[in-house]
Amino acid sequence: MTNRFLPAAAAFVVSAAFALPAAHAEKLTITVTNPLDGARPAETITVPWSEVNRVLPGAALQKIAVRDAAGNLLPYQVTNVAPQAKDPENRGIAYGELIFQHDFKAGEKNATFTVEKTETVSPPFPTKVHARYVQERLDDFAWENDKVAHRTYGPALGAPAPAGGGKEVLVTSGNDIWFKRVPYPIVDRWYNKGHDHYHVDQGEGMDMYNVGRTLGAGGTGIWDGSKLVSARNYATWKVLANGPVRAIFELSYDAFDAAGTKVSEVRRFTVDAGHWFDRIDSTFTFTGMPQLNAVVGLNKTPTDKGQDPSIATDRVPADGSLRQWVTQKSNDSFGVAVVVPTAKEAGSDGANDFVIAPVTSGKPLTYYVGAAWSRAGEIRTKEEWARQVALQAARAKAPVKVELAAVK
């Protein structure tokens, strides 16, 4: 069962076994099966709203309760796939999915939840994810969750500088990282305090990652065997969902030339609360070739000047991951990684290390991009970062299974 709001390859299998006719149901029961043995924190569970509505006719996003097996009320989100849709019968036809999370402990194989209608309005839950267009700073696009923040750059930053104006010019489709030390949102605060301030840790974290003209943290391109080419700065943006549990947005890139083949790209980002990694689905469009080799990579020199970095880069072919652990002179250590489940090989050029995966026109390439800073206190060593990357790879290979039932 798929949903037009999320990528068809979303890592969930949904089956429905309704115990009672929908008209007599009082609750929707959701059973989630976890195939992994280890802990699986902040697992995001999605249920098509059409199934919620089938069991609980007339349910409204502001008048439901989602509870765990102990009866605890859980934060939830309902996405909207058609904001302009008319709904005279109050059937929730504009809604996409019900979203909530659960922390699977090590060895926990199953968890059960219920959804029921309420008489009173459910207040909004604190937002842990956010994505937005930053018009006040040369059309950056920025996003964050409670673990890490990112940004990338729009056409205004790539435009030539007017004579005597002093405007910064940077042409890249690579991703930047803002390393956080706090769980609350910082993007608006940092843009407000300004460039010279957020490049210094004033207690909340700092922008210390260097993108330049590279792929940055998880940028993409096309590899022809000897040369890497990639898009310029993003051309257009679209926000599809914005918390409190999940943010989804798309960035579109104008066509670029890859050894005589014109290639355009759309990247869909899925950003979940409690995760070190974002999911990205890149769809490349081209003609004349059955396949091309796409790359997902990391900047070889990602630190600020004067940090005398020691950079350890490792690849794990079995899970398609490429990871870095960077030790710095005064800014402590950080890890960056990509996980590309369909990667076949690896490569590099003068600026980037990357993994290579075949892509077909119009079909998304799914991969994951993550980062963590030792000063934040959760991941302090190269070994801890390696375990986190391995966990992300395992989660990608072994999605949870979701089963639904209507009960009296």
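1. Counted by residue class, the lining of the largest pocket in this predicted model is made up of eight nonpolar residues, together with four charged and three polar ones. The pocket encloses about 320 Å³ of space, and of the 15 residues that line the pocket, those nearest its centre are Pro 75, Gln 101, His 102, Asp 103 and Lys 128.

2. As to where this pocket sits, the lining draws residues both from domain 1 (27-125 + 399-407) and from domain 2 (130-377), and the pocket therefore lies between the two domains. Among the elements that contribute to the lining, strand β6 (residues 95-104) gives the largest share, which amounts to three residues.

3. Strand β6 also belongs to an open sheet of three strands, whose order is β3-β6-β5 and whose pairing is antiparallel. Because β3 (40-48) and β5 (76-80) each have a single partner strand, they stand at the edges of the sheet, and one side of each is left without a neighbour there. From one strand to the next, the twist averages 25°.

4. In general, the strands of a sheet are paired through hydrogen bonds of the backbone, in either a parallel or an antiparallel manner. Here, β5 and β6 run antiparallel and are joined by four bridges; for Tyr 76, the bridge partner in β6 is Phe 100.

5. Taken together, the points on the pocket and on the sheet meet in strand β6, which supplies three residues to the pocket lining and which stands between β3 and β5 in the order of the sheet.

Methods:
Residues numbered from 1 in each chain as written. Predicted model: local features only at pLDDT ≥ 70, side-chain atom pairs only at ≥ 80, totals over all residues. Heavy atoms only, no water. 1 Å grid on protein atoms, 1.4 Å probe; cavity = no way out; pocket = protein on both sides within 12 Å on 5 of 7 lines; lining within 4 Å. Points joined across faces, edges and corners; volume = space filled by probe spheres on them. Helix = DSSP H or I, 4+ residues; strand = E, 2+ residues; numbered from the N terminus. Nonpolar A, V, L, I, M, F, W, Y, C, P; charged D, E, K, R; others polar. Domains from an automatic or database assignment. Pairing = 2+ DSSP bridges. Axes fitted to C-alpha atoms, helices over the stretch in contact; angles between N-to-C directions.
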